[in-house]
Amino acid sequence: MLTHPTEQRLLALGLTGMATALEEQRRHGDIAALSFEERLGLLVDREAIDRENKRLVSRLTFAGLRQNAVVEDIDMKAARGLDKALFAKLVVGDWIAQKQNLIVVGKTGLGKSWIACALAHKACRDDRSVLYQRVPRLFDALALARGDGRHARLLKKIARVELLILDDWGLANLTPDQGRDLLEILDDRHGRGSTIVTSQVDVKHWHEMIANPTVADAILDRLVHNAHRLTLTGESMRKGADKRAGLDAKPQA
């Protein structure tokens, strides 16, 4: 089928959504029953939806979320002590607009990363910039960047996103360099962006995990004082799933 000249012009202008919608209208004879304004409205709506979808794909690609999670799929009935009222407020996203933080603490297997990624996915859908970082790998990347001249550029990339996820914080004590890097990140973001931190370690033990007490004070001041907290409790959901499936839940060697 030959392309309509108007469709060609729309494609040349980068209006691919409108071009697709125009072709669809041409293939449906009953579209003639609509007025010019109604048909134009359908074209504009299609272009707007296509652009929004492309932006979402771009934001999710940049974010690099570890889990393909969405807030609608969060199991609110699971026995893990999830504060449902607070979670509902977090889904709305006003805390991100207010540059507040979120700390998600609990034992392994309770869905900390899943919840963080679901909230991050919702932020992407709300047209916010997001970046996921697993803390051990982030420190490795910063160490490499310090050696090849990319350190400042990487810190700038982390600083400018609206929502940063620091996953698996506290698996090991921080070295002096790691403490300084984390302070730089949080200082750059303080009052400018929001951060989600997930950890198996209770917040009251975070200070002792940072080598320099002065740096520890500064980190916790910027991270904790304006943070919402979700504390998850109970049995690992992975173990529970194994038991329900009749599987052996013992750890593998």
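Is K99 buried, partly exposed or exposed? It counts as partly exposed, at 29% relative accessibility. Some notes on this and other spots follow; keep in mind that the model is predicted.

1. Start with the backbone at K99. Its phi is near 60°, a positive value in a residue other than glycine. K99 sits in the loop between α5 (94–97) and β1, so with 29% relative accessibility it is a partly exposed loop residue.

2. D168 is another one to look at. This residue is not a glycine either, yet it has a positive phi of about 65°. Here the setting is strand β3, and D168 counts as buried because its relative accessibility is 14%, under the 20% cut-off.

3. Now the inside. The largest nonpolar core has 34 residues, and W169, L182 and W206 have the most contacts inside it. At least two residues each come from β1 (101–105), α7 (135–148), α8 (151–160), β3 (163–169), α9 (176–189) and α10 (213–224). The top contributor is α10, with seven residues. As general background, nonpolar side chains in soluble globular proteins tend to be buried together.

4. If you want one residue to click on in that core, try L182. Setting aside neighbours within four places in sequence, L182 is in contact with F139, L166, W169, L174 and I219. Another core lies apart from the one above: this one has 30 residues, including I74, L86, L90 and I96.

5. On to the cysteines. What is the count of disulfides in the structure? Zero. C117 is in no disulfide, and the nearest cysteine sulfur, belonging to C124, is 10 Å away. C124 is likewise in no disulfide, with the sulfur of C117 as its nearest, 10 Å off. A disulfide needs the two sulfurs within 2.5 Å, so a pair at 10 Å does not qualify. Both cysteines are out of reach of the probe: C117 counts as buried at 0% relative accessibility, and C124 is buried with a relative accessible area of 0%.

6. Salt bridges come to 15 in total. One of them pairs E162 with R128, at 3.7 Å from N to O. These two come from distant parts of the chain, 34 residues apart: E162 is in the loop between α8 and β3, while R128 is in the loop between α6 (112–125) and β2 (130–134). E162 is partly exposed, at 28% relative accessible area, whereas R128 is buried, at 17%.

7. R222 and D187 make another salt bridge, with their closest N and O atoms 2.9 Å apart. Because R222 lies in helix α10 and D187 in helix α9, the pair ties together parts that are 35 residues apart in sequence. R222 is partly exposed at 22% relative accessibility, and D187 is partly exposed too, at 36%. Elsewhere, salt bridges with shared partners join R66, R134, D167 and D168 into one network, which brings back the D168 with the positive phi.

8. There is also a bridge between D148 and R150, where the closest N and O atoms are 3.0 Å apart. D148 is partly exposed at 44% relative accessibility, and R150 is partly exposed at 32%.

9. Last, the outside. F36, L40 and V44 make a nonpolar surface patch of about 290 Å². F36 belongs to helix α3 (residues 36–63) and counts as exposed, with 61% relative accessibility.

Key: Residues are numbered from 1 along each chain as its sequence is written. This is a predicted model: local features need pLDDT of at least 70, side-chain atom pairs count only at pLDDT 80 or more; totals for chains, interfaces and linings use all residues. Side-chain values use heavy atoms; hydrogens and water are left out. Buried means under 20% relative accessible area, exposed over 50%, partly exposed in between (1.4 Å probe, protein chains only). Patches are made of residues with over 30% relative accessible area and no salt bridge: like charges are joined within 9 Å, nonpolar side chains (Val, Leu, Ile, Met, Phe, Trp, Tyr) within 5 Å. Accessible areas come from the Shrake-Rupley method with a 1.4 Å probe; for residues, only the protein chains shown count as cover. A salt bridge is a side-chain nitrogen of Lys or Arg within 4 Å of a carboxyl oxygen of Asp or Glu. Helices (H or I, at least four residues) and strands (E, at least two) are DSSP runs, numbered from the N terminus. A nonpolar core is a set of buried Ala, Val, Leu, Ile, Met, Phe, Trp, Tyr and Cys residues joined through side-chain atoms within 4.5 Å. Contact means heavy atoms within 4.5 Å.
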